[in-house]
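Me: I should like to go through the reasoning behind the labels applied to this structure. Please set each value against its criterion.

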Amino acid sequence: MTSPALDTVTAAPTDVDVVVVGAGMAGMYLLHRLRAKGLSTTVLESADDVGGTWYWNRYPGARCDIQSVDYSYSFDEDLQQEWEWSEKYATQPEILRYLQHVADRFDLRRDIQFETRVESAAWDEENSLWRISTDAGAEVTARWYIMATGCLSMPKVLDIDGADSFAGPTYFNSRWPHEGVDFTGMRVGLVGTGSSAIQSIPVIAEQASELVVFQRTPNFSVPAGHGPVPPDRIADIKGRYPDYRQEARESRGGVPLPETMDSARMLPADEREAKLEESWQEGDLLGFLNTFADSAINQESNDLIAGFVHDKIRSIVEDPETAEALCPTDHPIGTKRLCLDDNYFATYNLPHVSLVNLRKEPITTITERGIDTSDRSFEFDALVMATGFDAMTGAIVAVDITGRNGVSLKEKWADGPITYLGLGITEFPNFFTVTGPQSPSVLSNMAVSIEQHVEWITDCIGHMHDEGFDVIEPTQVAQDGWHQHTLDCADITLFPKAKSWYMGANVPGKPRVFLPYIGGVGSYRETCDEVAAGGYVGFSLAGATKTQCNDGVIRRAQPDVAILLQMMDEMGLPPLESMSPDDARAFMAAGAEQRPPGPEIGEVVDGTFPGPAGDLAYRLYRPPTSGPHRVVVYFHGGGWVLGSADSDDPLCRDLCLQSDAIIVSCDYRHAPEARFPAPVDDAVAALQWVADNQGDLGGNGSPVIVAGWSAGANLAAVVAQSARDSAGPPIAGQVLITPVTDCDWGRASFTENADGYVLTRGLMTWFWDHYCDETDRTDPRASPIRGELAGLPPALVVTAQFDPLRDEGTAYADAMREAGVIVEHLPLRGQMHTSVSSVDVIISANDTRTQIAKTIRNFT
Ligand code: FAD
Ligand code: NAP
C-alpha cells in the first residue's frame with residue numbers, strides 16, 4: 001500500500017460539517033469546541049441522555065478510580081472553579097450530574113440526537129464526504145466523521161454456556177437498570193473480579209442474604225480511602241488549577257505525580273516496604289504504581305511489589321484458601337488495570353459471602369436456577385455479570401465503516417488495529433477516533449487524554465478550513481512507523497505478559513495485540529503537537545486547488561533510547577571531548593556509580609596478568625552454574641582513552657549469566673599516555689595469557705572467544721587477525737559490538753548520526769586524535785577493515801541504527817563475509833552506540849544481549 005495519490009479534490013456540500021458519534025465526555029467536549037470554531041455539528045447518541053460511561057454503568061458502588069479533581073474537564077476555568085466534588089472519588093450519580101451540568105451549562109443537548117444508533121458510515125469519494133446511516137432513519141452527510149464512541153462502551157458478549165437460561169433477572173454492570181436493584185434478602189451469584197465487580201461486591205454484600213463470587217482471574221486492588229476531599233487540598237488545587245492541569249497534561253498518566261527514580265529491587269527491603277506502605281495508605285492507583293520507577297519494566301521489582309499486595313490480602317482475608325485464591329499470580333501487577341476498592345478483600349470474611357475459584361472448578365453452564373460448575377450446582381435469585389467490555393475497538397468496528405474503495409475498517413483491523421497516532425487511519429479520510437487504539441487513552445486519566453484529542457482534532461479541522469484543504473488522511477509510511485513505535489513501547493514493558501483487555505485477551509477470537517499507547521500522556525502530546533506544528537507531518541492534505549504531503553516517521557528511536565537521550569539532554573552534560581582525558585575518566589566513573597549494577601552471577605574475581613609493559617588488571621566473571629565453562633576474552637569500550645572493567649561491568653555480568661561462559665574482562669593501557677599500538681600489544685598479550693591459563697581460570701579447554709564493545713570490539717577484531725597471522729591461540733569466534741573498524745568517516749552514518757546519540761563525530765575525533773597518529777590510522781591494527789580478512793574465526797557483528805560507527809561495522813561484516821568468514825550481522829533498529837552496554841537501562845536491547853549470549857554458546 002502506498003500513500004494516497006495527491007490529486008486535488010472536489011468537495012460537495014454536506015448536511016453538517018461534522019458528525020460526532022457518542023455523547024460521553026469526549027462527544028460533549030467535541031461539540032462545544034466544534035461549535036466554537038463555527039462548524040455545524042450533529043452528535044448521534046444511542047442513549048437517551050449525555051454521560052456515556054456514567055450514563056450506562058449505574059451499578060452499586062460505581063465510582064471513578066482517578067481522583068475527581070483530576071478526572072474532570074479542564075477546558076473552562078469557571079466550570080472547574082464552580083463545581084464542588086463531594087468526595088475524593090465521586091460516585092457514578094455525582095459524575096453523571098456533573099456531565100449533565102456541563103450539557104446544560106454549554107447548551108449541548110440541542111445538537112445531540114439521542115436514541116440514535118449509528119449503524120454504518122461510508123466515505124463518498126466522488127464528493128469527499130461521509131454518508132452516515134442510523135437506526136433512526138435518514139442518512140446524514142458530513143465532511144468530517146468522528147467516533148467518540150468510548151473505549152469501554154461495548155459490553156463483552158457473555159461467553160458462558162446457557163447464558164439465556166436463567167429464569168431470574170440477570171444484571172450486567174455495564175447496562176445497569178436506571179431504577180436501581182434492591183438485592184435485599186436475595187441469593188446473588190456474581191461473575192467477574194475486575195474493577196466493576198470489585199466496586200460492586202462489597203455494596204451488594206450489604207443487601208444480599210448470600211453472595212457467591214465466581215472468580216476466574218484474581219486482580220490486584222488497593223484501598224481507595226474514600227471520603228471527602230480535604231478542604232485545604234481543594235483550596236490548593238483551585239488556587240492553581242491552570243498550572244495543576246498543565247502538570248497533568250505533561251505527566252505520564254494524566255495526573256501530576258512526584259518523579260521517582262527509585263528501583264524496587266535496588267532499595268533495601270525495609271525502605272521498600274515503608275514506601276509501599278505509604279503508597280498503600282494513600283489510596284491512589286496511579287500513585288501506587290508510581291512508587292517505584294521500574295515496576296512496569298522489571299519483573300524482579302514487579303514481583304516485590306506484587307508480593308507486598310499478596311501479604312496484604314493474606315493479612316485481611318481470614319480463610320487461607322480464599323486468601324490464596326484472591327492473590328493474583330498470573331500477571332505482573334499493573335499490567336491489568338489496578339483496581340481501587342472499599343473493603344473488597346474484607347468482604348470475603350462475611351459469613352454470607354463466598355468465593356468460587358473457577359481455576360479449580362470452571363463454570364460449565366448457566367442454568368434455569370443458577371450456575372453449575374464442574375463440581376457443584378448453585379441456586380440464585382439474581383445474577384450479576386461484571387464481565388467487562390470489548391475494549392477500545394469494540395464500539396468502533398460495531399459500526400460498518402467503509403473508507404476509500406469500499407475498504408472495511410473491521411476487515412482492515414482483523415489482525416488488530418493499526419492507526420496513525422490513534423487518531424487517523426489510512427484509506428479513511430477525514431475520519432478521527434477519540435482516545436482510539438494506539439493512543440494513551442485507557443492507560444491514563446482519560447479526562448486529560450480526551451481533552452487532548454478533542455483539541456488536536458478540532459484544531460486540525462480548523463487548520464484544514466483556514467488553509468483551503470478539504471481532505472486529510474495519514475500516509476502509510478507514517479502509520480507503519482507509529483504502529484512500530486507503539487509495539488516497541490509495549491515491548492519494553494511487562495504489559496504484553498498479561499492476558500488483559502489491553503491485549504484483547506478477554507474477548508474470544510480477538511487478536512492479541514497491545515491496544516493502547518504506553519509512551520505516556522506528556523510525550524504523546526508532544527508528538528501530536530510536533531505533527532501539527534510541522535504542517536501535519538505524516539498526513540496528506542488535499543483541497544480544490546492544492547495538495548500537500550508531509551510524509552515521514554515521527555518516532556524512530558527505541559522509546560527507552562529516546563527517554564535516555566532526553567534525560568541526558570535535560571541534564572546539560574558537558575561533551576566529553578571538552579574535557580581532559582583524566583577529567584573525562586572521572587566523569588565516566590561517577591556516571592557508572594549511578595547505573596543499575598547488572599545481574600548477580602556466580603563469582604567475580606579481580607586479578608592481574610603480565611602485559612608487555614607491566615602487569616595489567618583483569619576481572620573474571622564466573623557463571624553460577626558448575627564449571628568448567630567456555631571462556632570469553634573481553635575488551636571494554638571507551639575509545640582507547642576511557643573505560644575499565646568497571647565501565648563494562650553490567651554488560652559482562654549479563655553476558656556471563658546468559659551465555660553461561662566465563663568472561664575475562666582484560667584491561668589494556670590507555671591513550672594518550674599509551675598510544676597506538678600499545679593497547680593492541682596489551683590486547684594480544686591478554687588473549688595469549690587467558691588462552692594459556694584457561695584451565696586455571698575454570699575454562700573447559702575449548703578455543704576461547706574474543707569479544708568487545710566499541711574500541712574494545714576494535715581490539716577484539718585486531719587480536720583475531722593477529723592470532724591468525726602469528727599462530728596465536730585458536731579462537732572460536734569474535735563478538736564485535738558496535739565496533740570501530742575504520743578511520744574513514746565518509747560513510748553515511750558518520751554524517752547522519754554525527755550528533756545527538758551519545759557517541760558523536762566530535763568525540764570520535766577526540767578518541768582517534770588521542771589514540772593514533774594520522775599516518776598510523778590505516779594500519780590494520782588500528783583499522784582492521786584494511787587487513788586481510790580471509791581465515792578469520794566466525795563473527796557476530798552488532799551495529800546500531802543511530803551510531804556514527806554503524807556503516808563501518810556493517811562494512812566489516814560484509815567484507816568478512818565476502819572473504820569467506822561465517823558472519824552473523826545484527827543491525828539494531830532504533831538503537832544507538834551505547835545501547836547494548838546499557839544493561840537494565842536500555843531494555844529494548846535485552847533481546848540483542850540474549851542473542852549475543854546465544855551466539856557465544858553456539859560458537860564451536
Ligand atoms: P463513553 O463515555 O463510553 O461514551 C461513548 C458514547 O458513545 C456512549 O454514550 C455510547 O452510548 C455512544 N455510542 C457508542 N457507539 C455508538 C453508536 N454506534 N451510535 C450511537 N452512539 C454510540 N476513566 C478514567 O480515566 N477514570 C476513571 O475513573 C474511569 N472510571 C471508569 C469506570 C467505569 C465503570 C468504566 C466502564 C470506565 C471508566 N473509565 C474511567 C473510562 C471511561 O470510559 C472514560 O473515562 C470516559 O468516560 C470515556 O468517555 P467517552 O466519551 O470517550 O466514551
Ligand atoms: P474486566 O476488568 O474485563 O473484568 C471482567 C471480569 O469478568 C474479569 O474478572 C473476567 O475474568 C470475568 N469474566 C469475563 N468473562 C468471564 C467468563 N466467561 N467466565 C468467568 N469470568 C469471566 O471488566 P470491568 O470490571 O468492567 O472493568 C473494565 C475496565 O473498566 C477497567 O479495567 C477500568 O479501566 C474500567 N473501570 C473502572 C472502574 C473504576 O474504578 N472507576 C470501575 C469499573 C470499570 P478474566 O480476567 O479471567 O477474563
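Me: Why is Asp488 called buried?

Reply: In this predicted model, Asp488 has a relative accessible area of 8%. Buried means under 20%, so Asp488 is buried.

Me: What makes Arg829 partly exposed?

Reply: Its relative accessible area is 40%. The label covers values between the 20% limit for buried and the 50% limit for exposed, and Arg829 is therefore partly exposed.

Me: Why is the contact of Arg829 and Asp488 called a salt bridge?

Reply: The N to O distance between the two side chains is 2.8 Å. The criterion is a side-chain nitrogen of Lys or Arg within 4 Å of a carboxyl oxygen of Asp or Glu, so the pair qualifies as a salt bridge. Arg829 belongs to strand E29 (residues 823-832) and Asp488 to helix H16 (residues 476-491); the pair links distant parts of the chain, 341 residues apart.

Me: What makes Glu427 and Lys412 a salt bridge, and which parts does the pair tie together?

Reply: The closest N and O atoms of Glu427 and Lys412 are 2.7 Å apart, and the limit is 4 Å, so this is a salt bridge. Glu427 lies in the loop between helix H14 (409-412) and strand E18 (431-433), whereas Lys412 is in helix H14, so the pair ties together parts that are 15 residues apart in sequence. Glu427 has 14% relative accessibility and therefore counts as buried, while Lys412, at 24%, counts as partly exposed.

Me: How do you know that Arg337 forms a salt bridge with Asp65, and where do the two residues lie?

Reply: The closest N and O atoms are 2.8 Å apart, which is within the 4 Å limit. Arg337 is in the loop between helix H11 (320-326) and strand E11 (339-341), and Asp65 is in the loop between H2 and helix H3 (77-82); these distant parts of the chain are 272 residues apart. Arg337 itself counts as buried because its relative accessibility is 18%. By the salt-bridge rule the count comes to 53, and one network links Asp606, Arg619, Asp646, Asp649 and Arg653.

Me: Why is Cys652 not bonded to Cys656?

Reply: The sulfur of Cys652 is 8.9 Å from that of Cys656, the closest cysteine sulfur. A disulfide requires two sulfur atoms within 2.5 Å, so the distance is too far for a bond. Cys652 also counts as buried, because its relative accessibility is 0%. The structure holds 0 disulfides. Cys339 is in none, the nearest cysteine sulfur, that of Cys327, being 14 Å away. At 1% relative accessibility, Cys339 counts as buried.

Me: What makes the approach of Glu45 to ligand 1 a polar contact?

Reply: A side-chain N or O atom of Glu45 is 2.7 Å from an oxygen atom of ligand 1, and the cut-off is 3.5 Å, so the pair qualifies. A backbone N or O atom of Met446 also lies 2.8 Å from an oxygen atom of this ligand. Taken alone, ligand 1 exposes 970 Å², of which the protein buries 95%.

Me: How do you know that Ser196 makes a polar contact with ligand 2?

Reply: A polar side-chain atom of Ser196 is 2.7 Å from an oxygen atom of ligand 2, which is within the 3.5 Å cut-off. The protein buries 89% of the 910 Å² that ligand 2 exposes when taken alone.

Definitions and conventions: Residues are numbered from 1 along each chain as its sequence is written. Chains are lettered from A and ligands numbered from 1 in the order in which they are written. This is a predicted model: local features need pLDDT of at least 70, side-chain atom pairs count only at pLDDT 80 or more; totals for chains, interfaces and linings use all residues. Side-chain values use heavy atoms; hydrogens and water are left out. A polar contact is a pair of N or O atoms within 3.5 Å; within protein, one must be able to donate a hydrogen and the other to accept it, and residues adjacent in sequence count only if both atoms are side-chain atoms. Accessible areas come from the Shrake-Rupley method with a 1.4 Å probe; for residues, only the protein chains shown count as cover. Buried means under 20% relative accessible area, exposed over 50%, partly exposed in between (1.4 Å probe, protein chains only). Helices (H or I, at least four residues) and strands (E, at least two) are DSSP runs, numbered from the N terminus.
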